[in-house]
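Please go through the assignments made for this model one at a time, setting each value against the rule behind it.

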Amino acid sequence: MAAALIPAPDPRLPHLLRLPPARGAASLLEEVRQALGEQETVGPLRGELILLAGDWRLPLPELRAVQALLEPLGLALSRVCSELPETRVAAAALGLIAEAPAQATAASAGEGEPGLRVHRGTLRSGEHLQGEGSLLLLGDLNPGARISAVGDILVWGRLRGVAHAGCQGDEAARIVALQLRPLQLRIADAVARGPQERPAPGLAEQARLVDGVIRIDPAEPVCPPLERPMRLRTSLGLNLPRRPGLP
Amino acid sequence: MTSATARTILICSGKGGVGKTTLTANLGIALARLGHPVAVLDADFGLRNLDLLLGLENRIVYTAQEVLSESCRLEQALVRHKQEPNLSLLPAGNPRMLEWLTPEDMQKIVAQLAERFDYVLIDAPAGVEQGFRNAAAAAREAIVVTNPEVSAVRDADRVIGLLHSMEISPVQLVLNRVRPQMMANQEMLSVDEITEMLALPLLGLVLEDQQVIVSTNRGEPLTLGDVASPAAKGYRNIARRLDGENVPLLDPSKERRGLRARLLNKLRQTTGLF
């Protein structure tokens, strides 16, 4: 299998560049050149491009080289999807959106609403975890780190950074953590600063949107339903205080 | 990458001015005094000053730059410490090296050092950019230095994330410039708060100590003499723990010095006696 450039079906959507499995493939630049070469016969492409890097180890210079190859064709690398954390770190360093594969395939394939994604390990300052469905973080979210999900955010650990649940407008999304000490919480379009005082020890808490304001309560002893239909708001920004203090 | 026996340890912090270079110098001396051949490598090419702290500035003839370009042998570039012959310094080259130095170059230098020494300590530059990445590429282990300050802890957290992604292990923590009195009054982040956040094994605490400044200016690391300075004790304990010895950690809450101890310390600083 060689590298393939998959043009977007719709001009609003990004193009995809899929690399073959790293084992047995030619060098990175050869693969990319070949894929782009095939495209020249079809006609010029423009717009955003997602690199599906698979198991390729791509340090910063290699990613830059790929960008340099894409630029003359009017293609802007916007997102890198890789199985390897090193590649994701390098992509993030270039200011690109970096993500793990499960997420991108679900998004690009459009298989309806993706379910729960589990991330193991602590998110440290500067890291940003995004999910197309709900996210379960097994570890802490440290100050300076961000987590955002289209659905719910569940943190099996201490939430001390910034969390954004329902980031595409789902007002029923909730944020649950074993210890909720966030810098900032966001649910749909509502934003709230974290409470000043420390939470009572040994009490899992959840944040929900109640009448347009984010409220923190002890967590409900039920798991949020994953297959919940998305409740998108119809009118934007009405009655939503931008920065309400927490109760 | 390196020989099986030598331990190649990166000393880094993210934030500048928290005490990376001071720790490298003191730890180098302390490990050397435990009988190990130790090399310290200044990987801070932009703002080098490990040579200053060790008092070896005027003995530098060749640097890592000449070793890499093979215009001298490694032995010629190594500067042996005057009082502690177990310790050698490989000085940083000129700042323009930053433009062409690659992680492979650093690995090459460190591999050469690892053949000759038990410990190779790499003093990383501040920041998380290419200089830091070059230095980290050559190390197997890391020590992250931080101060009990929010900004230093935040930067340390970022660095730890990067070290994990580079598969450097173990990563251990040194908490520098601890003021027991301020911790007791809850004016400073506590040891527990910091270790809980960074989730790293604590290799040691170093107490705030004015003698560090004096020793830095003199180019004589505190661990060189037998002064009863609290910081020197902290550095020596870190060296012993790194060497596998089980030394109990200092409890800052028991270090709230009484009036007498403080007066004695004041006297020691002003007179330079005992």
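Q: What makes residues of chain B and chain A count as being in contact, and how many does each chain contribute?
A: Contact means heavy atoms within 4.5 Å, and by that rule 15 residues from chain B and 15 residues from chain A take part. This is a predicted model, in which local features need pLDDT (the predictor's confidence in each residue, from 0 to 100) of at least 70 and side-chain atom pairs count only at pLDDT 80 or more, while totals for chains, interfaces and linings use all residues. Side-chain values use heavy atoms, with hydrogens and water left out, residues are numbered from 1 along each chain as its sequence is written, and chains are lettered from A and ligands numbered from 1 in the order in which they are written.

Q: How much area is buried between chain B and chain A, and what does that term cover?
A: Buried area is the accessible area (1.4 Å probe) that two parts lose on being put together, summed over both; for chain B and chain A the value is about 1,300 Å², with carbon and sulfur atoms giving 44%. In chain B, the residues that lose the most area to chain A are Arg154(B), Glu196(B) and Met197(B), together 39% of what that side buries.

Q: Why is the pair Arg124(A) and Asp157(B) called a salt bridge?
A: The term requires a side-chain nitrogen of Lys or Arg within 4 Å of a carboxyl oxygen of Asp or Glu, and because the closest N and O atoms of Arg124(A) and Asp157(B) are 2.7 Å apart, the pair qualifies. Arg124(A) lies in the loop between strand 6 (116–120) and strand 7 (128–131) of chain A and Asp157(B) in helix 7 of chain B, so this salt bridge joins two chains. Between chain B and chain A the count is four salt bridges, including that of Arg198(A) with Glu193(B) (3.2 Å, N to O).

Q: Why is Glu99(A) called buried or exposed, and what about Arg79(A), its salt-bridge partner?
A: Buried means under 20% relative accessible area, exposed over 50%, and partly exposed in between (1.4 Å probe, protein chains only). Glu99(A) has 5% and is therefore buried, whereas Arg79(A), at 24%, is partly exposed. Their closest N and O atoms are 2.9 Å apart.

Q: Why is Arg268(B) classed as buried or exposed?
A: Because its relative accessible area is 16%, Arg268(B) counts as buried.

Methods
Helices (H or I, at least four residues) and strands (E, at least two) are DSSP runs, numbered from the N terminus.
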